[in-house]
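Have the sequence and the 3D view open side by side for this one. We will walk through a few helices and the residues packed between them.

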Amino acid sequence: MKLKKKLIKAITIAVIGIMSVSTTFASDLPVLTLQQAVSSALSADAAQQEAYRAERAASTQVMQDTDDVATVAYQKSYYSKLESEQVEKYHKDAVEYNTIKLYNSITVLQKQVDFCDERLAYQEKLFKQMEVKHNNGLVSQLDYETAESAIKEQRTAKEKLQAQLDKAREEFKLLAKYDTTKYSLEEKFEVEYYDYAGNINYFFDSSVDEMLQYQKKLIDVSADYTVSDGIKRGDNGALTYYNTKSSVTSAKAQLESTKEARLTTLNSLYSSLATLKQDIKELEVGIQDKEKTLVANRLKFSKGLISESEISKTELELNEAKLNLISKKVEYNTTKEAVRKPWVNFY
(Lines give C-alpha, C1' and ligand atoms only; values in the text may rest on other atoms or scores of the structure.)
Protein backbone atom coordinates (compact mmCIF):
# COMPACT_ATOMS: atom_id res chain seq x y z
CA MET A 1 0.00 0.00 0.00
CA LYS A 2 2.81 2.40 0.91
CA LEU A 3 4.55 1.58 -2.37
CA LYS A 4 1.35 2.31 -4.27
CA LYS A 5 0.94 5.67 -2.54
CA LYS A 6 4.55 6.57 -3.31
CA LEU A 7 4.06 5.59 -6.94
CA ILE A 8 0.91 7.73 -7.23
CA LYS A 9 2.73 10.63 -5.62
CA ALA A 10 5.65 10.26 -8.01
CA ILE A 11 3.36 10.15 -11.02
CA THR A 12 1.49 13.22 -9.76
CA ILE A 13 4.74 15.13 -9.31
CA ALA A 14 5.87 14.07 -12.78
CA VAL A 15 2.58 15.20 -14.34
CA ILE A 16 2.77 18.54 -12.54
CA GLY A 17 6.33 18.88 -13.76
CA ILE A 18 5.31 18.20 -17.34
CA MET A 19 2.44 20.71 -17.09
CA SER A 20 4.84 23.26 -15.64
CA VAL A 21 7.32 22.73 -18.47
CA SER A 22 4.52 23.00 -21.05
CA THR A 23 3.25 26.22 -19.51
CA THR A 24 6.76 27.64 -19.40
CA PHE A 25 7.34 26.67 -23.02
CA ALA A 26 4.09 28.36 -24.10
CA SER A 27 4.96 31.51 -22.17
CA ASP A 28 8.39 31.61 -23.81
CA LEU A 29 6.75 32.84 -27.02
CA PRO A 30 7.26 36.60 -27.35
CA VAL A 31 4.13 38.71 -27.17
CA LEU A 32 3.12 40.50 -30.35
CA THR A 33 1.10 43.48 -29.16
CA LEU A 34 -1.72 44.88 -31.23
CA GLN A 35 0.07 48.22 -31.47
CA GLN A 36 3.20 46.54 -32.81
CA ALA A 37 1.13 44.76 -35.44
CA VAL A 38 -0.60 47.96 -36.55
CA SER A 39 2.69 49.89 -36.75
CA SER A 40 4.26 47.10 -38.79
CA ALA A 41 1.30 46.94 -41.18
CA LEU A 42 1.43 50.68 -41.79
CA SER A 43 5.17 50.50 -42.43
CA ALA A 44 4.67 47.58 -44.80
CA ASP A 45 2.14 49.65 -46.70
CA ALA A 46 4.84 52.13 -47.74
CA ALA A 47 4.69 51.01 -51.40
CA GLN A 48 1.02 51.90 -51.64
CA GLN A 49 1.61 55.25 -49.97
CA GLU A 50 4.40 55.90 -52.48
CA ALA A 51 1.95 55.10 -55.28
CA TYR A 52 -0.42 57.76 -53.99
CA ARG A 53 2.41 60.27 -53.89
CA ALA A 54 3.37 59.36 -57.45
CA GLU A 55 -0.23 59.91 -58.57
CA ARG A 56 -0.22 63.38 -57.01
CA ALA A 57 3.14 64.21 -58.57
CA ALA A 58 1.78 63.26 -61.99
CA SER A 59 -1.33 65.38 -61.46
CA THR A 60 0.78 68.32 -60.31
CA GLN A 61 2.96 68.03 -63.40
CA VAL A 62 -0.07 68.10 -65.71
CA MET A 63 -1.36 71.21 -63.93
CA GLN A 64 2.02 72.91 -64.32
CA ASP A 65 2.15 72.03 -68.02
CA THR A 66 -1.38 73.32 -68.67
CA ASP A 67 -1.62 77.05 -69.32
CA ASP A 68 -5.42 77.25 -69.31
CA VAL A 69 -6.98 76.31 -65.96
CA ALA A 70 -10.44 76.25 -67.59
CA THR A 71 -9.78 72.92 -69.32
CA VAL A 72 -10.66 69.30 -68.63
CA ALA A 73 -6.98 68.36 -68.30
CA TYR A 74 -6.25 70.95 -65.61
CA GLN A 75 -9.49 70.47 -63.64
CA LYS A 76 -9.27 66.67 -63.69
CA SER A 77 -5.69 66.77 -62.49
CA TYR A 78 -6.64 69.18 -59.72
CA TYR A 79 -9.48 67.02 -58.37
CA SER A 80 -7.54 63.79 -58.93
CA LYS A 81 -4.83 65.18 -56.70
CA LEU A 82 -7.33 66.02 -53.95
CA GLU A 83 -8.94 62.61 -54.28
CA SER A 84 -5.56 60.89 -53.95
CA GLU A 85 -4.87 62.77 -50.71
CA GLN A 86 -8.26 61.75 -49.34
CA VAL A 87 -7.99 58.11 -50.39
CA GLU A 88 -4.54 57.80 -48.82
CA LYS A 89 -5.97 58.87 -45.45
CA TYR A 90 -8.87 56.46 -45.82
CA HIS A 91 -6.51 53.68 -46.83
CA LYS A 92 -4.32 54.13 -43.75
CA ASP A 93 -7.39 53.81 -41.51
CA ALA A 94 -8.46 50.73 -43.47
CA VAL A 95 -5.03 49.11 -43.01
CA GLU A 96 -5.24 49.68 -39.25
CA TYR A 97 -8.82 48.39 -39.15
CA ASN A 98 -8.01 45.23 -41.12
CA THR A 99 -4.93 44.54 -39.00
CA ILE A 100 -6.96 44.73 -35.79
CA LYS A 101 -9.73 42.64 -37.32
CA LEU A 102 -7.33 39.88 -38.41
CA TYR A 103 -5.38 39.98 -35.14
CA ASN A 104 -8.50 39.39 -33.05
CA SER A 105 -9.88 36.91 -35.56
CA ILE A 106 -6.76 34.75 -35.20
CA THR A 107 -7.13 34.76 -31.42
CA VAL A 108 -10.77 33.68 -31.58
CA LEU A 109 -10.19 31.06 -34.28
CA GLN A 110 -7.36 29.50 -32.25
CA LYS A 111 -9.69 29.25 -29.25
CA GLN A 112 -12.36 27.66 -31.44
CA VAL A 113 -9.90 25.09 -32.80
CA ASP A 114 -8.77 24.27 -29.26
CA PHE A 115 -12.39 23.91 -28.15
CA CYS A 116 -12.98 21.42 -30.97
CA ASP A 117 -10.36 19.20 -29.32
CA GLU A 118 -12.14 19.53 -26.00
CA ARG A 119 -15.51 18.65 -27.49
CA LEU A 120 -14.03 15.81 -29.53
CA ALA A 121 -12.40 14.27 -26.44
CA TYR A 122 -15.78 14.34 -24.69
CA GLN A 123 -17.60 12.80 -27.65
CA GLU A 124 -14.98 10.08 -28.09
CA LYS A 125 -15.26 9.19 -24.41
CA LEU A 126 -19.03 8.85 -24.72
CA PHE A 127 -18.64 6.86 -27.93
CA LYS A 128 -16.38 4.32 -26.25
CA GLN A 129 -19.02 3.83 -23.58
CA MET A 130 -21.68 3.47 -26.25
CA GLU A 131 -19.51 1.02 -28.18
CA VAL A 132 -19.43 -1.29 -25.17
CA LYS A 133 -23.20 -1.04 -24.80
CA HIS A 134 -23.67 -1.63 -28.53
CA ASN A 135 -21.56 -4.77 -28.43
CA ASN A 136 -23.74 -6.02 -25.58
CA GLY A 137 -26.93 -5.22 -27.50
CA LEU A 138 -27.94 -2.36 -25.19
CA VAL A 139 -27.81 0.37 -27.87
CA SER A 140 -29.44 0.33 -31.28
CA GLN A 141 -27.43 0.35 -34.49
CA LEU A 142 -28.98 3.71 -35.41
CA ASP A 143 -27.90 5.37 -32.14
CA TYR A 144 -24.42 3.89 -32.54
CA GLU A 145 -24.04 5.18 -36.10
CA THR A 146 -25.42 8.59 -35.11
CA ALA A 147 -22.79 8.92 -32.38
CA GLU A 148 -20.10 7.82 -34.81
CA SER A 149 -21.25 10.43 -37.36
CA ALA A 150 -21.19 13.14 -34.69
CA ILE A 151 -17.49 12.46 -34.11
CA LYS A 152 -16.75 12.61 -37.84
CA GLU A 153 -18.66 15.89 -38.10
CA GLN A 154 -16.68 17.33 -35.21
CA ARG A 155 -13.41 16.38 -36.87
CA THR A 156 -14.59 17.98 -40.11
CA ALA A 157 -15.63 21.11 -38.20
CA LYS A 158 -12.16 21.33 -36.70
CA GLU A 159 -10.53 20.94 -40.13
CA LYS A 160 -12.65 23.80 -41.49
CA LEU A 161 -11.80 26.06 -38.55
CA GLN A 162 -8.13 25.18 -38.86
CA ALA A 163 -8.26 26.10 -42.54
CA GLN A 164 -9.84 29.45 -41.64
CA LEU A 165 -7.15 30.01 -39.01
CA ASP A 166 -4.36 29.16 -41.45
CA LYS A 167 -5.84 31.53 -44.02
CA ALA A 168 -6.15 34.34 -41.45
CA ARG A 169 -2.54 33.80 -40.37
CA GLU A 170 -1.34 34.02 -43.98
CA GLU A 171 -3.35 37.19 -44.62
CA PHE A 172 -1.97 38.71 -41.42
CA LYS A 173 1.56 37.77 -42.43
CA LEU A 174 1.11 39.56 -45.76
CA LEU A 175 -0.44 42.58 -44.08
CA ALA A 176 1.63 43.00 -40.90
CA LYS A 177 4.72 40.91 -41.78
CA TYR A 178 4.46 38.76 -38.64
CA ASP A 179 4.12 34.98 -38.43
CA THR A 180 1.63 34.61 -35.57
CA THR A 181 2.58 30.95 -35.00
CA LYS A 182 5.78 32.29 -33.44
CA TYR A 183 4.07 34.77 -31.10
CA SER A 184 1.44 34.90 -28.42
CA LEU A 185 -1.24 37.53 -28.99
CA GLU A 186 -2.91 39.88 -26.55
CA GLU A 187 -6.42 39.03 -25.49
CA LYS A 188 -8.47 42.18 -25.04
CA PHE A 189 -12.13 41.30 -25.24
CA GLU A 190 -13.68 44.16 -23.27
CA VAL A 191 -16.63 45.79 -24.98
CA GLU A 192 -18.04 49.32 -24.77
CA TYR A 193 -21.45 49.69 -26.31
CA TYR A 194 -21.94 52.35 -28.95
CA ASP A 195 -24.96 54.41 -29.86
CA TYR A 196 -24.52 57.27 -32.29
CA ALA A 197 -25.47 60.57 -30.64
CA GLY A 198 -27.50 62.11 -33.42
CA ASN A 199 -29.10 61.12 -36.69
CA ILE A 200 -27.20 58.05 -37.89
CA ASN A 201 -28.74 58.27 -41.37
CA TYR A 202 -27.45 61.81 -41.79
CA PHE A 203 -24.01 60.73 -40.55
CA PHE A 204 -23.82 57.90 -43.07
CA ASP A 205 -25.20 60.04 -45.89
CA SER A 206 -22.72 62.86 -45.30
CA SER A 207 -19.85 60.39 -44.84
CA VAL A 208 -20.55 58.68 -48.16
CA ASP A 209 -20.96 62.05 -49.88
CA GLU A 210 -17.56 63.03 -48.56
CA MET A 211 -16.02 59.78 -49.81
CA LEU A 212 -17.43 60.35 -53.29
CA GLN A 213 -17.09 64.13 -53.48
CA TYR A 214 -14.09 64.17 -55.82
CA GLN A 215 -15.50 61.49 -58.09
CA LYS A 216 -18.55 63.73 -58.42
CA LYS A 217 -16.31 66.72 -59.13
CA LEU A 218 -14.54 64.78 -61.88
CA ILE A 219 -17.88 64.00 -63.51
CA ASP A 220 -18.91 67.64 -63.26
CA VAL A 221 -15.63 68.67 -64.86
CA SER A 222 -16.47 66.58 -67.92
CA ALA A 223 -19.88 68.20 -68.10
CA ASP A 224 -18.57 71.75 -67.63
CA TYR A 225 -15.37 71.80 -69.68
CA THR A 226 -15.46 69.12 -72.39
CA VAL A 227 -17.66 71.13 -74.76
CA SER A 228 -15.63 74.32 -74.35
CA ASP A 229 -12.45 72.29 -74.92
CA GLY A 230 -13.91 70.93 -78.13
CA ILE A 231 -14.91 74.34 -79.38
CA LYS A 232 -11.40 75.65 -78.69
CA ARG A 233 -10.01 72.83 -80.82
CA GLY A 234 -12.59 73.51 -83.57
CA ASP A 235 -14.53 70.26 -82.95
CA ASN A 236 -18.23 69.90 -83.74
CA GLY A 237 -19.82 71.53 -80.71
CA ALA A 238 -23.20 69.78 -80.96
CA LEU A 239 -21.72 66.30 -81.31
CA THR A 240 -19.31 66.88 -78.46
CA TYR A 241 -22.17 68.20 -76.31
CA TYR A 242 -24.45 65.18 -76.77
CA ASN A 243 -21.67 62.63 -76.38
CA THR A 244 -20.56 64.32 -73.18
CA LYS A 245 -24.11 64.60 -71.87
CA SER A 246 -24.65 60.86 -72.40
CA SER A 247 -21.44 59.80 -70.64
CA VAL A 248 -22.02 62.24 -67.77
CA THR A 249 -25.56 60.95 -67.21
CA SER A 250 -24.27 57.38 -67.12
CA ALA A 251 -21.44 58.27 -64.73
CA LYS A 252 -23.80 60.09 -62.36
CA ALA A 253 -26.17 57.11 -62.33
CA GLN A 254 -23.26 54.79 -61.50
CA LEU A 255 -22.09 57.10 -58.72
CA GLU A 256 -25.59 57.23 -57.23
CA SER A 257 -25.73 53.44 -57.35
CA THR A 258 -22.40 53.27 -55.52
CA LYS A 259 -23.71 55.62 -52.87
CA GLU A 260 -26.87 53.58 -52.31
CA ALA A 261 -24.87 50.35 -52.03
CA ARG A 262 -22.57 51.88 -49.44
CA LEU A 263 -25.47 53.26 -47.43
CA THR A 264 -27.09 49.83 -47.44
CA THR A 265 -23.87 48.29 -46.12
CA LEU A 266 -23.50 50.88 -43.38
CA ASN A 267 -27.12 50.72 -42.24
CA SER A 268 -26.85 46.94 -42.07
CA LEU A 269 -23.73 47.20 -39.92
CA TYR A 270 -25.38 49.66 -37.53
CA SER A 271 -28.45 47.45 -37.22
CA SER A 272 -26.29 44.43 -36.42
CA LEU A 273 -24.81 46.30 -33.44
CA ALA A 274 -28.15 46.10 -31.64
CA THR A 275 -28.44 42.38 -32.40
CA LEU A 276 -24.89 41.68 -31.23
CA LYS A 277 -25.47 43.66 -28.02
CA GLN A 278 -28.56 41.57 -27.28
CA ASP A 279 -26.64 38.36 -28.02
CA ILE A 280 -23.88 39.41 -25.61
CA LYS A 281 -26.36 40.23 -22.84
CA GLU A 282 -28.14 36.88 -23.27
CA LEU A 283 -24.85 34.96 -23.27
CA GLU A 284 -23.73 36.70 -20.08
CA VAL A 285 -26.94 35.69 -18.33
CA GLY A 286 -26.68 32.19 -19.76
CA ILE A 287 -23.12 31.82 -18.48
CA GLN A 288 -24.20 32.80 -14.98
CA ASP A 289 -26.93 30.15 -15.12
CA LYS A 290 -24.52 27.50 -16.40
CA GLU A 291 -22.02 28.31 -13.65
CA LYS A 292 -24.76 27.80 -11.06
CA THR A 293 -25.75 24.53 -12.74
CA LEU A 294 -22.15 23.33 -12.65
CA VAL A 295 -21.87 24.05 -8.93
CA ALA A 296 -25.13 22.18 -8.31
CA ASN A 297 -24.07 19.24 -10.48
CA ARG A 298 -20.74 18.93 -8.70
CA LEU A 299 -22.63 18.70 -5.43
CA LYS A 300 -24.89 16.01 -6.93
CA PHE A 301 -21.87 14.14 -8.22
CA SER A 302 -20.25 14.18 -4.77
CA LYS A 303 -23.39 12.47 -3.48
CA GLY A 304 -23.40 9.92 -6.28
CA LEU A 305 -26.58 11.27 -7.85
CA ILE A 306 -25.15 11.92 -11.33
CA SER A 307 -22.33 10.52 -13.44
CA GLU A 308 -18.95 12.07 -14.20
CA SER A 309 -19.98 12.46 -17.85
CA GLU A 310 -22.80 14.77 -16.77
CA ILE A 311 -20.23 17.01 -15.08
CA SER A 312 -18.11 16.96 -18.24
CA LYS A 313 -21.13 17.86 -20.33
CA THR A 314 -21.97 20.84 -18.08
CA GLU A 315 -18.35 22.05 -18.18
CA LEU A 316 -18.31 21.71 -21.95
CA GLU A 317 -21.51 23.74 -22.34
CA LEU A 318 -20.12 26.44 -20.03
CA ASN A 319 -16.84 26.66 -21.96
CA GLU A 320 -18.73 26.83 -25.25
CA ALA A 321 -20.89 29.69 -23.96
CA LYS A 322 -17.78 31.58 -22.79
CA LEU A 323 -16.16 31.11 -26.19
CA ASN A 324 -19.31 32.32 -27.94
CA LEU A 325 -19.29 35.38 -25.70
CA ILE A 326 -15.72 36.21 -26.68
CA SER A 327 -16.57 35.74 -30.34
CA LYS A 328 -19.60 38.04 -30.11
CA LYS A 329 -17.63 40.73 -28.25
CA VAL A 330 -14.89 40.69 -30.88
CA GLU A 331 -17.50 40.89 -33.63
CA TYR A 332 -19.21 43.79 -31.85
CA ASN A 333 -15.98 45.77 -31.51
CA THR A 334 -15.08 45.14 -35.15
CA THR A 335 -18.52 46.22 -36.34
CA LYS A 336 -18.45 49.28 -34.10
CA GLU A 337 -15.22 50.51 -35.70
CA ALA A 338 -16.67 49.92 -39.16
CA VAL A 339 -19.59 52.17 -38.16
CA ARG A 340 -17.51 54.85 -36.47
CA LYS A 341 -15.18 55.09 -39.47
CA PRO A 342 -17.43 54.17 -42.43
CA TRP A 343 -14.67 54.55 -45.03
CA VAL A 344 -12.71 51.55 -43.71
CA ASN A 345 -15.30 49.31 -45.34
CA PHE A 346 -14.51 50.56 -48.84
CA TYR A 347 -10.79 51.46 -49.06
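What follows is a short tour of two helices, their contact, two buried residues and the nonpolar cores.

This is a predicted model, in which local features need pLDDT of at least 70 and side-chain atom pairs count only at pLDDT 80 or more, while totals for chains, interfaces and linings use all residues. Residues are numbered from 1 along each chain as its sequence is written, and side-chain values use heavy atoms, with hydrogens and water left out.

Let's start with helix H5, residues 141-176. Helices here are DSSP runs of H or I with at least four residues, strands are runs of E with at least two, and both are numbered from the N terminus. H5 has 36 residues and spans 52 Å from first to last C-alpha, close to the 52 Å expected at 1.5 Å a residue; the expected span is 1.5 Å times one less than the number of residues. Just after H5 comes Lys-177, with a positive phi near 65°.

The buried residues of H5 include Tyr-144, Ile-151, Leu-165 and Phe-172, and also Gln-154 and Arg-169. Buried means under 20% relative accessible area, exposed over 50% and partly exposed in between, with a 1.4 Å probe and protein chains only. On the other side of these buried residues of H5 are strand E1 (31-32), helix H2 (34-44) and helix H4 (72-135), against which they pack.

Now turn to H2. Its buried residues are Ala-37, Val-38, Ser-40 and Ala-41. They lie on the same side of H2 because they cover an arc of only 165° around the axis, the arc being that of the directions from the helix axis to the C-beta atoms. The face turned away from that buried side carries the exposed residues Gln-35 and Ser-43.

How do H2 and H5 meet? Their axes come within 7 Å and cross at roughly 65°; axes are lines fitted to C-alpha atoms, for helices over the stretch in contact, with angles from 0 to 180 degrees between N-to-C directions. Ala-37, Ser-40, Ala-41 and Ala-44 of H2 meet Phe-172, Leu-175 and Ala-176 of H5, where contact means heavy atoms within 4.5 Å. These contact residues divide into six nonpolar, one polar and no charged.

Two residues of H4, Tyr-103 and Ile-106, are worth clicking on.

| Residue | Relative accessibility | C-alpha distance |
|---|---|---|
| Tyr-103 | 1% | 9.6 Å to Ala-176 |
| Ile-106 | 2% | 8.8 Å to Phe-172 |

Leaving aside neighbours within four places in sequence, Tyr-103 is in contact with residues including Leu-32, Ala-37 and Phe-172. With the sequence neighbours up to four places away not counted, Ile-106 touches Leu-165, Ala-168, Arg-169, Phe-172, Thr-180 and Leu-185.

Finally, the cores. The largest nonpolar core has 32 residues, and those with the most contacts inside it are Phe-204, Val-208, Tyr-332 and Val-339. Such a core is a set of buried Ala, Val, Leu, Ile, Met, Phe, Trp, Tyr and Cys residues joined through side-chain atoms within 4.5 Å. H4, helix H6 (200-233), helix H7 (237-302) and helix H8 (308-340) each supply at least two residues of this core, and H7 gives the most, with eleven. A second, separate core of 16 residues includes Ala-37, Cys-116, Leu-161 and Ala-176.

Notes: Ala, Val, Leu, Ile, Met, Phe, Trp, Tyr, Cys and Pro count as nonpolar, Asp, Glu, Lys and Arg as charged, and the others, Gly among them, as polar.
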